[in-house]
Amino acid sequence: MTPTLPEVVTLGETMAALRATGPIRLGAPMRLSVAGAESNVAIGLTRLGHRVGWVGRVGDDEFGALVLRTLRAENVDISHARTDPDGRPTGLMAREERVGDLVQVSYHRRDSAGSALRAEDVLPALTPGLRLLHLTGITPALSATAADTVAAVAHHARALGVTICLDVNYRARLWDADRARSVLLPLARSADVLVASADELHLVCDDPSLPEEEAVAALLAEGRRDVVITRGGDGATVTTAAGRVSVPARRVPVVDVVGAGDAFVAGYLSGRLDGLDAEARLSRAATTGAFAVATRGDWEGLPSRADLALLDLPAGTTLR
């Protein structure tokens, strides 16, 4: 039987994730999982019923085995994932709860397997029937090799007519704003769907001094189809050729905000793949984001398609 090919492909680094319930220096208990913006989106989309492939490199180590096992268990296609042949380790993320709801995240990913991703790892995954390529601004920040890879893959996907989504996802610990802008500005020009927070727009707009409304209009004029602005607890907006739509954030008890942006993107792209209008896409994104913040973990609480309606039930409902 011929396997069904993915309709979405994403690429990037997925790390082992250590989650401490208190300060690490005091030996707080930890739970081991995996985390990565692109694989979070991949899992979110597969849970919503879409066929998704993830491409990346992991180390030839137990953390790498955990990454691949987790993605495989979540029905993400990893047929183009690679185990690094040169001994580079799987990256590591450590998350610790500090004071109140303050969370501190540190990364150990310099010279990791994920940073060595090459175009030849990814290009074979751009198979016939591919509808969407999802990229983030994290991957090109990992190394010059990774930046070249993302640029080459975006160029190839655009030539094939594949829709490209770029989530800016700026990480100040990985690179400074000037370097990020020099890489992300040309990458954004290849994107059909652009997702950014309001304070990231200057990284992908030709004139960084423009106010938000004018910056969004300029991005649309350059060829972006959807410009999505995320505002955390204040909701989100999307601007298309048809106009601007806003939705509020869903009100849920906040347990863990890490991974909420990836959950939001998964919901939005799911709506786009399903042919929903802009408001419905944004509403689904708000719902998937709410599931993420209401549960612990980057991806563990992401909803299935059947789960989406749960937040519409009255508070305190018991399902029997």
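**Exercise 1.** Decide whether D192 is buried or exposed, and describe its salt bridge with R158.

*Solution.*
Step 1. D192 is buried, because its relative accessible area is 5%; buried means under 20%, exposed over 50%, and partly exposed in between, with a 1.4 Å probe and protein chains only.
Step 2. The structure is a predicted model, in which local features need pLDDT of at least 70, side-chain atom pairs count only at pLDDT 80 or more, and totals for chains, interfaces and linings use all residues. Residues are numbered from 1 along each chain as its sequence is written, and side-chain values use heavy atoms, with hydrogens and water left out.
Step 3. Between D192 and R158 the closest N and O atoms are 3.7 Å apart, which fits the rule for a salt bridge: a side-chain nitrogen of Lys or Arg within 4 Å of a carboxyl oxygen of Asp or Glu.
Step 4. The pair links distant parts of the chain: D192 sits in the loop between α5 (177-188) and β11, R158 in helix α4 (residues 144-160), and 34 residues separate them. Helices (H or I, at least four residues) and strands (E, at least two) are DSSP runs, numbered from the N terminus.
Step 5. R158 is partly exposed, because its relative accessibility is 40%.

**Exercise 2.** Find how many salt bridges the rule gives, and work through the pairs E7 with R131 and D274 with R305.

*Solution.*
Step 1. The count comes to 24 salt bridges.
Step 2. One of them joins the side chains of E7 and R131 at 3.2 Å, N to O. This pair links distant parts of the chain, with E7 in the segment before β1 and R131 in the loop between α3 (119-122) and β9, 124 residues apart.
Step 3. E7 is buried, because its relative accessibility is 8%, whereas R131, at 39%, is partly exposed.
Step 4. The side chains of D274 and R305 also meet in a salt bridge, at 2.8 Å, N to O. D274 lies in the loop between α7 and α8, R305 in the segment after α8, 31 residues apart.
Step 5. D274 is partly exposed at 33% relative accessibility, and R305 is partly exposed at 37%.
Step 6. Salt bridges that share partners also join R57, R82, D84, D86, R88 and D121 into one network.

**Exercise 3.** Describe how helix α1 is covered and what its buried residues pack against.

*Solution.*
Step 1. Helix α1 spans residues 37-47, and ten of its eleven residues are buried.
Step 2. Those buried are A37, E38, S39, N40, V41, A42, I43, G44, L45 and T46.
Step 3. They pack against β1 (8-11), β3 (30-35), β4 (52-55), α2 (62-73), β9 (132-136) and α7 (260-273); a contact means heavy atoms within 4.5 Å.
Step 4. Just after α1, G49 takes a positive phi of about 95°.

**Exercise 4.** Which residues other than glycine take a positive phi near 65° and near 55°?

*Solution.*
Step 1. Most residues other than glycine have a negative phi.
Step 2. N75 has a positive phi, near 65°. N75 lies in the loop between α2 and β6 (82-83) and is exposed, because its relative accessible area is 64%.
Step 3. D111 has a positive phi, near 55°. D111 is placed in the loop between β8 and α3 and is exposed, with a relative accessible area of 58%.

**Exercise 5.** Compare the separation along the chain with the separation in space for D101 and V255, and then for P29 and L184.

*Solution.*
Step 1. D101 and V255 are 154 residues apart in sequence, and their C-alpha atoms are 8.5 Å apart.
Step 2. D101 is found in the loop between β7 (92-97) and β8, and is exposed, because its relative accessible area is 76%.
Step 3. P29 and L184 are 155 residues apart along the chain, and their C-alpha atoms are separated by 38 Å.
Step 4. P29 is in the loop between β2 (15-20) and β3, and is exposed at 57% relative accessibility.
Step 5. Leaving aside neighbours within four places in sequence, P29 is in contact with R19, A20 and T21.
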